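Subject: Handover of a structure and summary of findings

Dear colleague,

Please find below the structure that I am handing over to you. My findings follow directly after it.

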Amino acid sequence: MLTSYVPGFVQRAMFEPYARWFAKREQLSPEHTELLVAMAKDNAPTFLQWSSGACANWLGEPRGVANAPGETGVKVLHLHGECDRVIPDVRKQATTTLAGAGHLITFTHADAVTAWLRDAMER
């Protein structure tokens, strides 16, 4: 991962400007922008390194591999934003795709996510 080559202090210095840029790109409200910035400032470079690797590995595993979610007996439901450019659903594995939603789906489409979760718990 690229993050392992960037010193932690440089990563931390970039968290706030990147969060503000990303919030603007995702058209977040001012309140949600400040929440995202606060979350970014509270982030640790080690978490960024871990999460980047987890996302890369998750995207790289096709369905049917050993220990895949469906093979553990646990029902896995996957809600994904149709316009997510950060982690696109290129394999079309989402159970449900939410039209018009991007990467920050819980910020921009909170009511729809809540409704989906309620429905999922009732299944």
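Leaving aside its neighbours within four places in sequence, which residues is F22 in contact with? The residues that F22 touches beyond that range are L36, V86, H103 and L104. Please note that the model is a predicted one. I set out the findings under short headings.

Overall layout

The chain has 123 residues, of which 29% are buried. Its secondary structure consists of five helices and two strands. Read from the N terminus, these elements follow the order α-α-α-β-β-α-α. Among contacts between residues at least 6 apart in sequence, 50% join residues at least 24 apart. The accessible surface of the chain is about 8,500 Å², and carbon and sulfur atoms account for 60% of that surface.

Nonpolar cores

F22 also belongs to the largest nonpolar core, a group of ten residues. Its members are F15, A19, F22, A23, L28, L36, V37, A40, L104 and F107. Two elements, helix 1 (8-25) and helix 2 (30-41), each give two or more residues to this core. Helix 1 gives the most, with four residues. Two of the contacts of F22 named above, L36 and L104, are themselves listed in this core. There is also a second, separate core of six residues, including L79, I105, V113 and W116.

Aromatic pairs

A search of the whole structure gives four aromatic pairs. One of them is formed by Y18 and F22: their ring centres are 5.8 Å apart and their planes meet at 20°, so the pair counts as stacked. Y18 and F22 are four residues apart in helix 1, which places them about one helical turn from each other. Are the two partners buried or exposed to some degree? F22 has a relative accessible area of 5% and is therefore buried, whereas Y18, at 45%, is partly exposed. Y18 and F22 also join W21 in one aromatic cluster.

Another pair is made up of F47 and W50, whose ring centres are 5.7 Å apart and whose planes are at 35°, so this pair is tilted. Both residues lie in helix 3 (residues 45-60), three residues apart, about one turn of the helix. F47 is partly exposed, with a relative accessibility of 44%. W50 has a relative accessibility of 56% and therefore counts as exposed.

Salt bridges

Side chains of opposite charge can pair when their charged atoms come close. In the whole structure, three salt bridges are found. Within helix 1, R20 and E16 are four residues apart, about one helical turn, and their side chains form a salt bridge with an N to O distance of 3.2 Å. R20 is partly exposed at 34% relative accessible area, and E16 is partly exposed at 27%.

E16 has a further salt bridge with K41, where the closest N and O atoms are 3.5 Å apart. Because E16 lies in helix 1 and K41 in helix 2, this pair ties together parts that are 25 residues apart in sequence. K41 is partly exposed, with 46% relative accessibility.

R20 likewise forms a salt bridge with E34, at 2.9 Å from N to O. This pair links distant parts of the chain, with R20 in helix 1 and E34 in helix 2, 14 residues apart. E34 has a relative accessible area of 43% and is partly exposed. Through shared partners, the salt bridges join E16, R20, E34 and K41 into one network.

Surface patch

Where does a nonpolar patch lie on the surface? F9, V10 and M14 form such a patch, with about 320 Å² of accessible area together. F9 is found in helix 1, and its relative accessibility of 66% is over the 50% cut-off, so F9 counts as exposed.

Summary

Helix 1 recurs in these findings. It gives four residues to the largest nonpolar core, holds the stacked pair of Y18 and F22, and contains F9 of the surface patch. Its residues E16 and R20 also form salt bridges with K41 and E34 of helix 2.

With kind regards

Technical notes: Residues are numbered from 1 along each chain as its sequence is written. This is a predicted model: local features need pLDDT of at least 70, side-chain atom pairs count only at pLDDT 80 or more; totals for chains, interfaces and linings use all residues. Side-chain values use heavy atoms; hydrogens and water are left out. A nonpolar core is a set of buried Ala, Val, Leu, Ile, Met, Phe, Trp, Tyr and Cys residues joined through side-chain atoms within 4.5 Å. Buried means under 20% relative accessible area, exposed over 50%, partly exposed in between (1.4 Å probe, protein chains only). Contact means heavy atoms within 4.5 Å. Patches are made of residues with over 30% relative accessible area and no salt bridge: like charges are joined within 9 Å, nonpolar side chains (Val, Leu, Ile, Met, Phe, Trp, Tyr) within 5 Å. Accessible areas come from the Shrake-Rupley method with a 1.4 Å probe; for residues, only the protein chains shown count as cover. A salt bridge is a side-chain nitrogen of Lys or Arg within 4 Å of a carboxyl oxygen of Asp or Glu. Rings of Phe, Tyr and Trp (its six-membered ring) pair if their centres lie within 6.5 Å; planes under 30 degrees apart count as stacked, over 60 as edge-to-face and the rest as tilted.
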